[in-house]
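User: I'd like to go through this one and ask where the labels come from. Can we take it step by step?

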Amino acid sequence: MSELGRAAGGIRLTVRGALALVLASTLVGSVLQALFGVAALTGAAFVAGCVAATVLVNRRDLLSLAVSPPLVFFVTTVLIEAVRSLFASTPIQAFGLGMYTALSQGAPWLFGGSLLVLVIAWRRGLTRCVRELRDELRVGKASVPAPRSGDSAFAPEPEGYFEPKVYGTPREGS
């Protein structure tokens, strides 16, 4: 086991906690960017949050985390630009332009963070999570009965499919 794996062995996050970590780190990076004027702080904080979340998340939640960084990045960008546009003279125009600018400038960070999440998750067992999901989906398929043959070949639904199960018999004279 690597140094990083041993150091993070005691702390494990659910996928919700890991996504909250990525969201919080990106928001903190955005606040630092607004304070200091360094354009790369939001992206670097996003990438750092992605790496930390992938290292700390439970192995069974790797698949859910692996597909989530673009959504977290988008939600964070919407929140940041909505707050920024509140103080503008034309809020809708400022929001649209701010979203375009932030997503354009953040694209390399988004791709880099997403790639790091996939690489780290792959090393931690993402393929096993995908295999387990495939097995669950394969087992969970409901078998559809074959249509009846003979006079009435049309079977809109299996017999008894929509009828509720009734236990016991009705009371006489109630």
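Analyst: Sure, and keep in mind that this is a predicted model. A good place to begin is a helix pair: Ala18, Leu21, Val22, Ser25, Thr26, Gly29, Ser30, Leu32, Gln33 and Phe36 of H2 touch Leu41, Thr42, Ala45, Phe46, Gly49, Cys50, Ala52 and Ala53 of H3. Sorted by class, the residues of this H2–H3 contact come out as eleven nonpolar, seven polar and no charged.

User: What is the angle between H2 and H3, and why is H2 called roughly antiparallel to H3?

Analyst: The axes of H2 (residues 15–36) and H3 (residues 41–56) cross at roughly 160° and come within 7 Å. Angles over 145 degrees count as roughly antiparallel, so H2 is roughly antiparallel to H3. As for handedness, the H2–H3 crossing is right-handed.

User: And what makes H3 and H6 roughly parallel?

Analyst: Again, look at the angle: the axes of H3 and H6 (residues 91–124) cross at roughly 15° and come within 9 Å. The cut-off for roughly parallel is under 35 degrees, and therefore H3 and H6 get that label. The crossing of H3 with H6 is right-handed. On the H3 side the contact is made by Gly43, Ala44, Phe46, Val47, Cys50, Val51, Thr54, Val55 and Leu56, and on the H6 side by Trp109, Leu110, Gly113, Leu116, Val117, Ile120, Ala121 and Arg124. By class, that H3–H6 contact has 13 nonpolar, three polar and one charged residues.

User: Let's zoom in on Ala45. Why is Ala45 called buried?

Analyst: Ala45 has a relative accessible area of 16%. Buried means under 20%, so Ala45 qualifies. Ala45 sits in helix H3, and once neighbours within four places in sequence are set aside, its contacts are Ser25, Thr26 and Gly29.

User: How far is Ala45 from Ser25 in sequence and in space?

Analyst: Ala45 and Ser25 are 20 residues apart in sequence, with 5.6 Å from C-alpha to C-alpha.

User: How do you know that Asn58 is buried?

Analyst: Same routine: Asn58 has a relative accessible area of 13%, and the cut-off is under 20%, so Asn58 counts as buried. Asn58 lies in the loop between H3 and helix H4 (62–66). Not counting neighbours within four places in sequence, Asn58 is in contact with Arg12, Leu13, Thr14 and Arg124.

User: What makes Ser64 partly exposed?

Analyst: Partly exposed is the range between the buried cut-off of under 20% and the exposed cut-off of over 50%. Ser64 has 39% relative accessibility, so Ser64 counts as partly exposed. Ser64 belongs to helix H4. Its C-alpha is 10.0 Å from that of Thr14, with the two positions 50 residues apart in sequence numbering.

User: Zooming out, how many helices and strands does the protein chain have?

Analyst: The chain has seven helices and zero strands, so to speak an α-α-α-α-α-α-α pattern along the sequence.

User: How much of the chain is buried, and what is its accessible surface?

Analyst: Of the 174 residues, 28% are buried. The accessible surface is about 12,400 Å², with 65% of it belonging to carbon and sulfur atoms. On contacts, among those with a separation of 6 or more, 72% are between residues 24 or more positions apart.

Note on methods. Residues numbered from 1 in each chain as written. Predicted model: local features only at pLDDT ≥ 70, side-chain atom pairs only at ≥ 80, totals over all residues. Heavy atoms only, no water. Axes fitted to C-alpha atoms, helices over the stretch in contact; angles between N-to-C directions. Helix = DSSP H or I, 4+ residues; strand = E, 2+ residues; numbered from the N terminus. Parallel < 35°, antiparallel > 145°, perpendicular 65-115°, else oblique. Left-handed = near helix turned anticlockwise from the far one by under 90°. Contact = heavy atoms within 4.5 Å. Nonpolar A, V, L, I, M, F, W, Y, C, P; charged D, E, K, R; others polar. Buried < 20%, exposed > 50% of the residue type's maximum accessible area, 1.4 Å probe, protein only. Areas by Shrake-Rupley, 256 points an atom, 1.4 Å probe, with all protein chains shown as cover.
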